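User: I am learning how the terms used for protein structures follow from computed values. Please take me through the reasoning for this one.

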Amino acid sequence: MVKSTFGKNLTVSIFGESHGAAIGVVIDGLAAGIPLDMAAIRRDLDFRRATGAISTARQEGDEFEIVSGFFEGHTTGTPLCLMIRNTSTRSGDYARTKDLLRPGHADYTAFVKYGDWQDYRGGGHFSGRITAPLVAAGAICRQILAAHGVMIGTHIAECGGVADAPMPSDEAALAAALDRLNNTAFAVLDADRGDKMQQAVLAAKADGDSVGGVLETAVIGMPAGIGEPFFNSVESTLAHLLFSVPAVKGVEFGAGFAFAGMRGSEANDPWRMQDGRLRTATNNNGGINGGISNGMPIVFRTVIKPTPSIYREQQTVDYAARQDATLQIKGRHDPAIIHRARVVIDAAAAIGLCELFCEAFGTAWQIDGIVNK
Ligand SMILES: Cc1cc2nc3c(=O)[nH]c(=O)nc-3n(C[C@H](O)[C@H](O)[C@H](O)COP(=O)(O)O)c2cc1C
């Protein structure tokens, strides 16, 4: 069983633990000769990195090193391995509370699965830190997609009970919005609402607590005809990756759960001819019909739960003593994950779409481009 590798055509394997020597990713299936923009990888890693009062005090540099599959500024076509060394570890914080299971975290389930052999320090393999190499892999995939006109962007649609402005439905306005989001650290469309969200995060932090939220992602420039029904549909491929991200507890495409309250006449997206292309007047189906892209923007929303590690005293169990206990968490944790997770979601989407493009066109599209239907 292969557990830490996603994909069949473009495989992405992640490795590492929060307080181990390094974390990293191996990508296999990249075409030879793709120029890589290191600054774009750096930018995405910086968006995921903790900075400022609304993030954990563990602030890693996330310096990355490509140790294989890359020569003279281009991919070689052999497995590309990217590593990030862990530098800011304070394992003592975790030794004190090792057996006190953090509610909402993976401590209990990891003990059951791996016994005493799991590296519990800093959450081990279950730390949000493991998403840094995923982001780096996603940044590579995003570059390949962008070179062929496919752009991905995410905003914080809701955080701590505050909603952002909606994504524009007009395609030119949506393209401009995604461009702005991809150059913004706290990814909101309305800066005032973003300030209110950050105040909500700080208020939760002051209470020793945390908040969650909803991310909304759009993919533009998608050709119609991508996706492999039944089991490798666009939705099932993206959902597989999105649900692999720690703290993701829900995903919906297009109108999602709101379909439940609609009639067919409202839910259906009417077809129109526009400049010689098939378009839909609304996009309730989020750019996907029958698991295949229909050429409209792919739109999905992802729920990120509140950070499980909170500083408030909590009821738990001492796993070694097998008795009830109280937990007062030490260590460094985010009062919210959502502002850092947005680029993890972009990365997951980029990896999934590259896998589907490879299924349709082999590796050649990475250089030659995609066939726009
Ligand atoms: C970018 C990112 C940062 C995270 N930071 C923390 C953190 O500081 N403290 C914490 O308890 N959980 C953090 N998490 C969430 C945990 O890793 C996650 O809740 C845990 O592994 C349990 O998995 P589950 O929530 O998917 O069930 C983070 C997740 C992400 C994506």
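User: What makes β11 and β16 a pair of strands?

Analyst: In this predicted model, five bridges join β11 to β16. Pairing requires at least two bridges, so β11 and β16 count as paired. The two strands run antiparallel. One facing pair is Glu 252 and Arg 301, the latter in β16.

User: Where does β11 sit in its sheet, and why is one side of it left without a neighbour?

Analyst: The sheet is open, with five strands in the order β9-β8-β10-β16-β11 and antiparallel pairing. β11 (248-253) stands at an edge, as does β9 (162-163); each has a single partner strand, so one side of each has no neighbour in the sheet.

User: Which strands does β10 pair with, and how do you know that?

Analyst: Eight bridges join β10 to strand β8 (residues 151-159), and seven join β10 to strand β16 (residues 298-304). Both counts meet the requirement of at least two bridges, so both are pairings. Each of them is antiparallel. On the β8 side, Gly 153 stands opposite Ala 218 of β10. On the β16 side, Gly 213 has Ile 304 as its bridge partner.

User: How many residues of strand β10 are buried?

Analyst: Seven of the eight residues in β10 (residues 213-220) are buried. To be buried, a residue needs 20 or more other C-beta atoms within 10 Å of its own. The strand is therefore described as mostly covered.

User: Which helix lies across this part of the sheet?

Analyst: Helix α9 (residues 338-361) lies across β8, β10 and β16, and runs at about 145° to β8.

User: Why are α4 and α9 called oblique to each other?

Analyst: Their axes come within 7 Å and cross at roughly 55°. Angles under 35 degrees count as roughly parallel and 65 to 115 as roughly perpendicular. The crossing angle fits neither range, so α4 and α9 are oblique. Their crossing is left-handed. Among the residues making the contact are Leu 134, Val 135 and Ala 137 of α4, and Val 343, Ala 347 and Ile 351 of α9.

User: Which residues touch the most other members of the largest nonpolar core?

Analyst: The core has 83 residues, and the ones touching the most other members are Ala 136, Ala 137, Ala 347, Ile 351 and Cys 354. Helix α9 gives the most to this core, with 15 residues. Leaving aside residues up to four places away in sequence, Ala 347 touches Asp 44, Leu 134, Val 135, Ala 137, Gly 138 and Ala 139.

User: Why is His 148 called partly exposed?

Analyst: His 148 has 16 other C-beta atoms within 10 Å. Buried would need 20 or more, and exposed would need 12 or fewer. The count lies in between, so His 148 is partly exposed. His 148 is in the loop between α4 (131-147) and β8. Residues up to four places away in sequence aside, His 148 touches Gly 369 and Ile 370.

User: How do you know that Glu 72 and Arg 322 are exposed?

Analyst: The limit for exposed is 12 or fewer C-beta neighbours. Glu 72 has 6 inside 10 Å, so Glu 72 counts as exposed. Arg 322 has 8 within 10 Å, so Arg 322 is exposed too. Glu 72 lies in the loop between β5 (70-71) and β6 (74-75), while Arg 322 lies in the loop between β17 (314-318) and β18 (323-327).

User: What is the phi of Glu 72, and what is that of Arg 322?

Analyst: Glu 72 has a positive phi of about 50°, and Arg 322 has a positive phi of about 55°. Neither residue is a glycine. Most residues other than glycine have a negative phi.

User: Is the peptide bond from Pro 229 to Phe 230 cis or trans?

Analyst: The bond is cis, with omega near 10°. Most peptide bonds are trans. Phe 230 is found in the loop between β10 and α7 (234-244).

User: In the other open sheet, which strands stand at the edges?

Analyst: That sheet has the order β1-β2-β3-β7-β4, with antiparallel pairing. β1 (5-6) and β4 (64-68) stand at the edges because each has a single partner strand. Further in, six bridges join β3 (residues 22-28) to β7 (residues 80-85), and Ile 27 stands opposite Leu 80 in β7.

Methods. Residues numbered from 1 in each chain as written. Predicted model: local features only at pLDDT ≥ 70, side-chain atom pairs only at ≥ 80, totals over all residues. Helix = DSSP H or I, 4+ residues; strand = E, 2+ residues; numbered from the N terminus. Contact = placed C-beta atoms within 7 Å. Axes fitted to C-alpha atoms, helices over the stretch in contact; angles between N-to-C directions. Core = buried A, V, L, I, M, F, W, Y, C linked by C-beta atoms within 7 Å. Parallel < 35°, antiparallel > 145°, perpendicular 65-115°, else oblique. Left-handed = near helix turned anticlockwise from the far one by under 90°.
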